[in-house]
Amino acid sequence: MAPLDWGLGHATRCIPIIRSLLAAGHEVMLAGEGKQAILLNREFPQLTVLPLRGYGITYSKKHWQLPFKMLVQLPKIFRSIRHENKWLKEQMEKHSFDLVISDNRYGLFHPCTPSIILTHQLTILTPYGIGQNLLQRIHYQLLNRFNEIWVPDSAHIPTAAGILSHPQKMPVTPLHYIGWLSRFEPVKTPSAFTYCILLSGPEPQRTILEQKLIGDLQKVKEKVLFVRGLPGEQTLPDFPFNITCKNHLTGTELQEALQSSEWIISRSGYTSVMEILHLQKKAILIPTPGQTEQIYLAQQLLQQQWAFSVEQEKFSFNETVAAARQFPFSAPPTIVYDQDLCLSQIKKLIHPDVALPQ
């Protein structure tokens, strides 16, 4: 199983699937590099993490520059897709995988081995709609190389991802909605923090938001847990005594942190959204500037009253928190990860000639 390297969310949402595969007795190998590999290695130290180069996509400092920044990186993306497809063929000769599960890595398909792609983004939304129709067609061509598509959302309205996971036209490849992927289960925990801040996502926007938060938090009196999203980093910024700062937390540590916090402040990346909704926590979402998917998700959840959201440029800690406390939150439904469905589909793909019990 191999997650995309655009933020840690692609790696963390693989964790429930990996756990269910291991519990069912499957042998699992992982692939990735950098922060994603570090995170997966810490969660599953007993598993092999094969080195696989990431896409290495960078974002612009100015949100209006992002469409052009992404446009010039398209050749790099397609080179990465070709590289990972070649990499998979080489690894197949060494390991003879029975199945490949890719999280948004479009080159991890094989002509002789069943391949599943995990994605919530069936509809492509581009900044200002630039090239959207063309990219949508290319996207479906890439998806249709796989044997199955797994969508981590509900099959029915209301959904967390809205039009992203429910396009007007479906791809040809068989598709299954598998529910929300979360590492955590709701557990009553004594309150320890008023706010838990989770930073994530690509640079330089992660650092830009961090610098804004570091300045704002100097004046905050409540207890705050600040998780920087930097596994492997050793140094920490200076904060007042009421601010607890961590570079990274393991899954167990993060679950306890989230459960013991009254509010969650994070990006509106889809994995963060799924985990926050699953835990039924009040959230303030700050979409990455220029990242159309996160902007759409934040607006979607705001309209459904499942979360409060604010643009990064307009974010001010005290003012934003005051506005969020006046927001009429509505509890989302519980959309549980359907591991039985996933394991059943894996059996069908690996053993297509064996009839499953009714």
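# Aromatic pairs and parallel strands

User: Happy to look at this one with you! How many aromatic pairs does the structure hold?
Analyst: Glad to help! The model is a predicted one. The number of aromatic pairs that the structure holds is eight.

User: Let's take tryptophan 180 and tryptophan 306: is this pair stacked or edge-to-face?
Analyst: The ring centres of tryptophan 180 and tryptophan 306 are 6.3 Å apart, and the planes stand at 75 degrees. Planes over 60 degrees apart count as edge-to-face. The pair is therefore edge-to-face.

User: How many residues apart are the two parts of the chain that this pair links?
Analyst: Tryptophan 180 sits in the loop between S7 and strand S8 (193–198). Tryptophan 306 belongs to the loop between helix H9 (292–303) and strand S13 (308–309). Tryptophan 180 and tryptophan 306 are both buried. Along the chain, the linked parts are distant, at 126 residues apart.

User: And tyrosine 195 with phenylalanine 317, what is the angle between the planes?
Analyst: Tyrosine 195 and phenylalanine 317 form an aromatic pair, with 5.2 Å from centre to centre. Both residues are buried. The pair is edge-to-face, and the angle between its planes is 85 degrees.

User: Which elements hold tyrosine 195 and phenylalanine 317?
Analyst: This pair ties together parts that are 122 residues apart in sequence. Tyrosine 195 lies in strand S8, while phenylalanine 317 lies in helix H10 (residues 317–325). The elements are thus S8 and H10.

User: Nice! Turning to the open sheet of five strands, which strands stand at its edges?
Analyst: The strand order is S1-S4-S5-S6-S7, with parallel pairing. Two of the strands have a single partner strand each, so one side of each is left without a neighbour in the sheet. These edge strands are S1 (2–3) and S7 (175–177).

User: What is the bridge partner of alanine 2 in S4?
Analyst: S1 pairs with strand S4 (residues 100–103) in the parallel sense, over two bridges. Within S4, the bridge partner of alanine 2 is serine 102.

User: Is serine 102 buried or exposed?
Analyst: Serine 102 is found in strand S4. Its contacts beyond four places in sequence are Ala2, Leu108, Ile116, Ile117, Leu118 and Phe146. A polar atom of the serine 102 side chain also lies 2.5 Å from the backbone oxygen of arginine 105. The relative accessible area of serine 102 is 0%, so the residue is buried.

User: At about what angle does helix H11 run to S6?
Analyst: H11 (residues 339–350) lies across S4, strand S5 (115–118), strand S6 (148–151) and S7. Relative to S6, the helix runs at about 170 degrees.

User: Now for strand S11, how many of its residues are buried?
Analyst: Strand S11 covers residues 261–266. The strand is mostly covered, and the buried count among its six residues is five.

User: Which residue in S11 is the bridge partner of leucine 198?
Analyst: S8 and S11 pair in the parallel sense, joined by five bridges. In S11, the bridge partner of leucine 198 is serine 266.

User: Is the crossover from S11 to S12 right-handed or left-handed?
Analyst: S11 and strand S12 (residues 282–285) run parallel and are joined by four bridges. One of the bridges in S12 has isoleucine 284 as the partner of isoleucine 265. From S11 the chain passes through H8 to reach S12, and this β-α-β crossover is right-handed.

User: Last one! Which residues does serine 272 touch, not counting residues up to four places away in sequence?
Analyst: Serine 272 has its place in helix H8 (residues 270–278). With neighbours up to four places away left out, serine 272 touches Ser266 and Arg267.

Note on methods
Residues numbered from 1 in each chain as written. Predicted model: local features only at pLDDT ≥ 70, side-chain atom pairs only at ≥ 80, totals over all residues. Heavy atoms only, no water. Pairing = 2+ DSSP bridges. Contact = heavy atoms within 4.5 Å. Axes fitted to C-alpha atoms, helices over the stretch in contact; angles between N-to-C directions. Phe/Tyr/Trp six-rings, centres within 6.5 Å; stacked < 30°, edge-to-face > 60°. Buried < 20%, exposed > 50% of the residue type's maximum accessible area, 1.4 Å probe, protein only. Polar contact = N/O pair within 3.5 Å; in protein donor to acceptor, adjacent residues only side chain to side chain. Right-handed = clockwise from strand over helix to strand, strands pointing away.
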